[in-house]
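Reader: I've just opened this one and I'm new to it. Could you walk me through it, one question at a time?

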Amino acid sequence: QPLAGRGSETWATAEEGFLHAGRVFTKEVDIPSGAEATFRVLGVPTADRAGESDPTAGVRFTLHPGQPVTLILALESRTKDAGHGGDLSDLSLDLTHLRRDHAAWWADYWAKSWVRVGDPLIERAYVRSLYGMAACSRVSDFPPGIFGWVTTDTPAWHGDYHLNYNHLAPFYALHSANRLEQADPQDAPLLAFLERGRWYAKRVTGTRGVLYPVGIGPLGIETTRDGPRYRDGPNAEEGGLFFQQRSNAAYCLVNIAQRWRTTYDPAYGNQVYPLVKAVAAFWEDYLERRDGRYVIVGDAIHEGSGQDLNPILSLGLVRNSLDLAVDLSRELDVDAGRRETWRHILAHLSGWTTQKRDGVDVFRYTEQGTSWWQNNTLGIQHIYPGNALGLDSDPEWLAVAHNTIGVMNRWHDSNGSNSFFPAAVRVGYDANTILDELRHYSANAHPNGFMKGNPHGIENFSTVPNTINEMLCMSHVPMGSIDREESVIRLFPVWPKSRNASFGNIRTWGAFLVSSELKDGNVRYVRIASERGRPCTVVNPWPGQAVTLTRKAGTETRTGERFRFDTEAGETVTLNASDTTLGHAQ
């Protein structure tokens with residue numbers, strides 16, 4: 001019998017061995033919704049079954065030793081298939097085709113990419129995380145909320161799409177792991193909120209573009225509007241809950257940027273460009289010019305932290321957003337006249353501010369206002385997911401980044417582990433420390449992959465696979481430079497050379513699928529499959545040696561600390577050391 005209450009309508013019926021049940025919400029709701037289910041038992045003789053004509057009693061049956069019983073439960077959302085949810089009436093007793101299709105789907109899913117790092121605990125956490133996202137992210141218009149498939153009538157934070165990181169974090173690893181089908185549902189509510197975001201920008205900040213509140217739902221609805229707890233304070237504006245933060249819409253672009261840079265798919269670019277352009281327009285209007293630089297005024301770094309100047313997170317997100325706008329505009333051949341404005345902002349946007357903590361220089365959270373926070377990882381999120389610092393950054397800033405990672409020491413933070421680990425990788429923090437902390441992190445999970453002591457559901461499904469993928473194969477380049485490289489592929493850049501590891505089909509910036517192996521301290525080979533035929537830059541995996549490129553047209557040689565070569569769409573290029581016999585791709 002389905003749970004009643006909260007204004008729902010429920011029913012249950014029984015007919016010819018089937019139990020049907022449903023629960024719908026049609027009154028006083030923005031979107032009529034509900035679910036239906038059908039339950040059936042196979043393999044139980046009639047004499048051992050009871051209650052099939054009474055839906056309130058359920059189906060009761062007797063189990064006998066050695067006699068298997070199959071239970072089938074079909075569920076369906078009425079939003080997806082109104083009036084036909086959970087229909088099992090056309091199923092025969094032969095479930096072979098269902099099992100075959102199920103096995104084929106998962107076989108294809110696991111074949112998309114793989115890693116081997118010689119650590120069963122981390123590998124189990126890696127696979128479990130990707131499994132969790134496959135289980136809950138398959139419906140294009142309805143990505144999983146904070147708790148994925150786990151819910152009640154009163155979930156915390158309404159189980160919504162929280163935009164100051166929670167909705168984005170579960171998807172961080174899916175692009176590098178080459179699981180685009182599971183990554184793409186993230187975008188639907190972000191795009192559906194465009195018009196409401198324009199309304200807020202006009203009413204709250206008096207700007208063009210979009211301003212997003214902290215919490216939204218599917219199909220353009222808003223979950224945090226007019227909440228009585230915040231209605232009369234400074235955190236609500238025009239009825240929307242913003243916590244005085246201006247960065248939510250820019251935060252929404254971190255995975256969109258990753259999807260674009262790892263695929264260069266023009267269809268996808270055209271789909272997301274309206275949102276990207278709107279975010280860029282907001283910052284064009286919102287930024288202020290002071291003494292030859294652009295500054296961010298009145299933007300809280302933390303929820304409700306006040307009228308901060310130049311929050312470090314926003315400085316990173318703006319760089320990422322405007323770089324994405326320039327790239328999309330160029331590739332899609334639109335809005336050429338706006339690129340110079342975006343490039344000018346990138347060239348003159350305020351830099352980072354530092355402070356002394358524990359005797360070393362670390363990042364200050366803002367230029368004026370909030371200097372530090374006792375938890376969370378906002379002080380390093382300009383590194384990740386903001387993309388503003390990396391291994392090609394100024395060594396002085398990398399030193400500050402290392403200091404900040406060490407002083408914060410927030411590997412196991414209930415809000416920010418999913419950004420702290422990859423940020424540490426991006427700036428080349430000690431690889432053994434990262435792996436040691438990742439082992440502790442992986443051991444602290446429930447069987448379903450949720451972290452113990454963490455109230456935020458699926459957001460940490462990205463932590464282990466994202467960290468490992470970046471350690472094994474990094475392609476990121478720092479945002480902010482108007483003449484940056486498109487991508488730079490690094491093999492095992494932040495990985496202990498004494499630990500064997502291998503991977504297949506990690507997806508990188510530039511739309512490449514990369515495979516490689518590190519064995520006994522040597523990179524055995526590198527295989528790069530080019531999807532779009534874009535130029536490829538690689539940091540030489542064999543320092544001081546020449547590199548042989550093997551492709552369909554023949555072989556070529558490259559030398560130097562890093563080298564670049566052209567590719568053709570659909571071709572695979574294999575790299576090997578020219579001066580040694582370290583092995584070849586299998």
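## A guided look

Author: Let's start in a loop: Gly209 sits between helix H5 (194-205) and strand S9 (215-216). Keep in mind that this is a predicted model.

Reader: Okay, is Gly209 buried or exposed?

Author: Buried means under 20% relative accessible area. Gly209 has a relative accessible area of 11%, so the label for Gly209 is buried.

Reader: Which residues does Gly209 touch, leaving out those up to four places away in sequence?

Author: Let's skip the residues up to four places away in sequence. What Gly209 touches then is Gly197, Arg198, Ala201, Ala278, Ala281 and Phe282.

Reader: And how far is the C-alpha atom of Gly209 from that of Cys136?

Author: Along the chain, Gly209 and Cys136 are 73 residues apart. In space, their C-alpha atoms are separated by 32 Å.

Reader: Phe282 just came up. How are the rings of Phe282 and Trp283 arranged?

Author: Take burial before the rings: Phe282 is buried at a relative accessible area of 1%, and Trp283 is buried with a relative accessible area of 1%. Planes over 60 degrees apart count as edge-to-face. The ring centres of Phe282 and Trp283 are 5.0 Å apart and the planes stand at 90°, so this pair is edge-to-face.

Reader: How many aromatic pairs does the structure hold, and how is the pair of Trp106 and Trp110 arranged?

Author: The count of aromatic pairs in the structure is 27. For Trp106 and Trp110, the distance is 5.9 Å centre to centre, with 25° between the planes. Planes under 30 degrees apart count as stacked, and the pair of Trp106 and Trp110 is stacked.

Reader: Why are Trp106 and Trp110 separated by about one helical turn?

Author: An α-helix has 3.6 residues a turn, so residues three or four places apart point the same way. Trp106 and Trp110 both belong to helix H1 (residues 96-111), and the reason for about one helical turn between them is their spacing: four residues apart.

Reader: Which of the two, Trp106 or Trp110, is buried and which is partly exposed?

Author: Under 20% relative accessible area is buried, over 50% is exposed, and partly exposed lies in between. Trp106 has 12%, so Trp106 is buried. With 29% relative accessibility, the label for Trp110 is partly exposed.

Reader: Which residues are linked into a cluster by ring pairs?

Author: Trp106 and Trp110 both belong to this cluster. Ring pairs link the whole group, namely Trp105, Trp106, Tyr109, Trp110 and Tyr131.

Reader: Now the sheets. Which strands stand at the edges of the seven-strand open sheet?

Author: The strands run in the order S7-S18-S19-S20-S25-S22-S23, with antiparallel pairing. Each edge strand has a single partner, so one side of it is left without a neighbour in the sheet; these are strand S7 (114-116) and strand S23 (554-558). Neighbouring strands here are turned against each other, direction ignored, by an average of 20°.

Reader: Over how many bridges do S20 and S25 pair, and which residue in S25 stands opposite Ile528?

Author: Strand S20 (residues 522-530) and strand S25 (residues 572-577) pair in the antiparallel sense, over four bridges. Opposite Ile528, in S25, stands Val573.

Reader: What lies across S7 and S18, and how many of its residues are buried?

Author: That's helix H14 (residues 463-472), which runs at about 100° to strand S18 (501-508). H14 is mostly covered, and its buried residues include Ile468 and Leu472. The count of buried residues in H14 is 10 of 10.

Reader: Which members of the largest nonpolar core touch the most other members?

Author: In soluble globular proteins, nonpolar side chains tend to be buried together. The largest nonpolar core here has 138 residues. Those touching the most other members are Leu275, Ile468, Leu472, Trp495, Ile528 and Leu575.

Reader: Last one: in the four-strand open sheet, what is the bridge partner of Ala35?

Author: This antiparallel sheet has the order S1-S2-S3-S6, and its edge strands are strand S1 (9-15) and strand S6 (70-77). Strand S3 (residues 33-42) pairs with S6 over eight bridges. In S6, the bridge partner of Ala35 is Ser77.

Conventions. Residues are numbered from 1 along each chain as its sequence is written. This is a predicted model: local features need pLDDT of at least 70, side-chain atom pairs count only at pLDDT 80 or more; totals for chains, interfaces and linings use all residues. Side-chain values use heavy atoms; hydrogens and water are left out. A nonpolar core is a set of buried Ala, Val, Leu, Ile, Met, Phe, Trp, Tyr and Cys residues joined through side-chain atoms within 4.5 Å. Buried means under 20% relative accessible area, exposed over 50%, partly exposed in between (1.4 Å probe, protein chains only). Two strands pair if DSSP finds at least two bridges between them. Helices (H or I, at least four residues) and strands (E, at least two) are DSSP runs, numbered from the N terminus. Axes are lines fitted to C-alpha atoms, for helices over the stretch in contact, and angles run from 0 to 180 degrees between N-to-C directions. Contact means heavy atoms within 4.5 Å. Rings of Phe, Tyr and Trp (its six-membered ring) pair if their centres lie within 6.5 Å; planes under 30 degrees apart count as stacked, over 60 as edge-to-face and the rest as tilted.
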